[in-house]
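Here is a structure to work through by question and answer. Look it over before reading on.

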Amino acid sequence: MAALSAYRCIECNGEATELYRDYQRGVLRISICKSCQKPVDKYIEYDPVIILINAILCKAQAYRHILFNTKINIHGKLCVFCLLCEAYIRWLELQDSSQNTDPDDLIRYAKEWDFYRMFGIASLEQTSFFIGIFITLWWMTPEMLQKKSDFILLLKALLLSTYGNLLLIPAVIWEHDYTPLCLAFIKMFVLVSNSQAIRVTLNLNRILPWFAIFSGLILENGVVFLFQKMGWDV
């Protein structure tokens, strides 16, 4: 019985049974891809900082290494932390628009509730964004999302690719006149990362991921419009 393919070549996305072979006594030999005749994953020899820099540069090879050839399991925690960052930014803007400085406990509790409300709204918006992406991809490429594991892998990739939202906090800490521009650049960077994550996970061209992201943004903005119609500050 043939060995199950557990890894992917970071160059051609071909399947591989192993990343390297251990000959003991510290001797390792990186496996060569049978399809492209290149090392299956050169990043296993790289420092994590180099891998992170390549991921920030949105290199497909770095994304394949992280998604297919590592056991990273921080996507849930990363998602929550990014949502907290987003909620904090919105809560801060809400407080800046309020001139009430009354130290009464009731006021403090109300402000705390505003933060939780912003976290809930940010969560709903991101959920609607992901739902829009999944619906579009399932409609356009149903063969790519046939199994539950396919949906889970894509969700993991999307959650990991939102790491750019962590830049929201330093953008606010180093507050200056260009903060709105910085936030716009961060949003664009996250969307580019999402696009690369979709492209790498499903092995698609460059156009379809952006079409899916555009659909997700439409659904997300629809949710924002609904909140505004309800009289909520978002």
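What follows is a set of questions and replies about this predicted model.

Me: What kind of model is this, and how are residues numbered?
Reply: The model is predicted, so local features need pLDDT of at least 70 and side-chain atom pairs count only at pLDDT 80 or more, while totals for chains, interfaces and linings use all residues. Side-chain values use heavy atoms, with hydrogens and water left out, and residues are numbered from 1 along each chain as its sequence is written.

Me: What distance does helix H8 reach from its first C-alpha to its last?
Reply: Helices (H or I, at least four residues) and strands (E, at least two) are DSSP runs, numbered from the N terminus. H8 covers residues 207-229, which is 23 residues. The expected span of a helix is 1.5 Å times one less than its number of residues. For H8 the expected value is 33 Å, and the helix comes close to it, reaching 33 Å.

Me: Which residues of H8 are buried?
Reply: Buried means under 20% relative accessible area, exposed means over 50%, and partly exposed lies in between (1.4 Å probe, protein chains only). In H8 the buried residues are Leu-208, Pro-209, Ala-212, Ile-213, Ser-215, Gly-216, Glu-220, Val-223, Val-224 and Phe-227.

Me: Which helix gives the largest share of the largest nonpolar core?
Reply: A nonpolar core is a set of buried Ala, Val, Leu, Ile, Met, Phe, Trp, Tyr and Cys residues joined through side-chain atoms within 4.5 Å. The largest one has 19 residues, and those touching the most other members are Phe-130, Ile-133, Leu-137, Leu-154, Leu-158, Ile-198 and Leu-202. Two or more residues each come from helix H3 (75-96), helix H4 (105-140), helix H5 (148-160), helix H7 (179-202) and H8. The largest share, six residues, comes from H4.

Me: Which residues is Ile-198 in contact with, leaving aside its neighbours within four places in sequence?
Reply: Contact means heavy atoms within 4.5 Å. Ile-198 is among the core residues that touch the most other members. Its contacts are Ile-133, Leu-137, Leu-154, Leu-158, Asn-203, Leu-204, Pro-209 and Ile-213.

Me: How many residues does the second, separate core have?
Reply: In soluble globular proteins, nonpolar side chains tend to be buried together. The second core includes Ile-51, Ala-55, Ile-66 and Cys-82, and its residue count is 18.

Me: How many salt bridges are there?
Reply: Side chains of opposite charge can pair when their charged atoms come close. A salt bridge is a side-chain nitrogen of Lys or Arg within 4 Å of a carboxyl oxygen of Asp or Glu. By this rule the count is five.

Me: How far apart are N and O in the salt bridge of Arg-90 and Glu-86?
Reply: Both residues lie in helix H3, four residues apart, so about one helical turn separates them. Arg-90 is buried at 13% relative accessibility, whereas Glu-86 is partly exposed at 24%. The N to O distance of their salt bridge is 2.9 Å.

Me: Which residues are joined with Arg-90 into one network by shared salt bridges?
Reply: Arg-90 also forms a salt bridge with Glu-125 (2.5 Å, N to O). This pair links distant parts of the chain, as Glu-125 is in helix H4 and Arg-90 in helix H3, 35 residues apart. Glu-125 is buried, with a relative accessible area of 3%. Through shared partners, the residues joined with Arg-90 are Glu-86 and Glu-125.

Me: Is Arg-117, which pairs with Asp-114, buried or exposed?
Reply: Arg-117 and Asp-114 form a salt bridge with the closest N and O atoms 3.3 Å apart. They are three residues apart in helix H4, about one turn of the helix. Asp-114 has 18% relative accessibility and counts as buried. At 17%, Arg-117 also counts as buried.

Me: Where does Cys-58 lie?
Reply: Cys-58 is a residue other than glycine with a positive phi, near 60°. Its relative accessible area is 14%, so Cys-58 is buried. Its place is in the loop between H1 and helix H2 (60-68).
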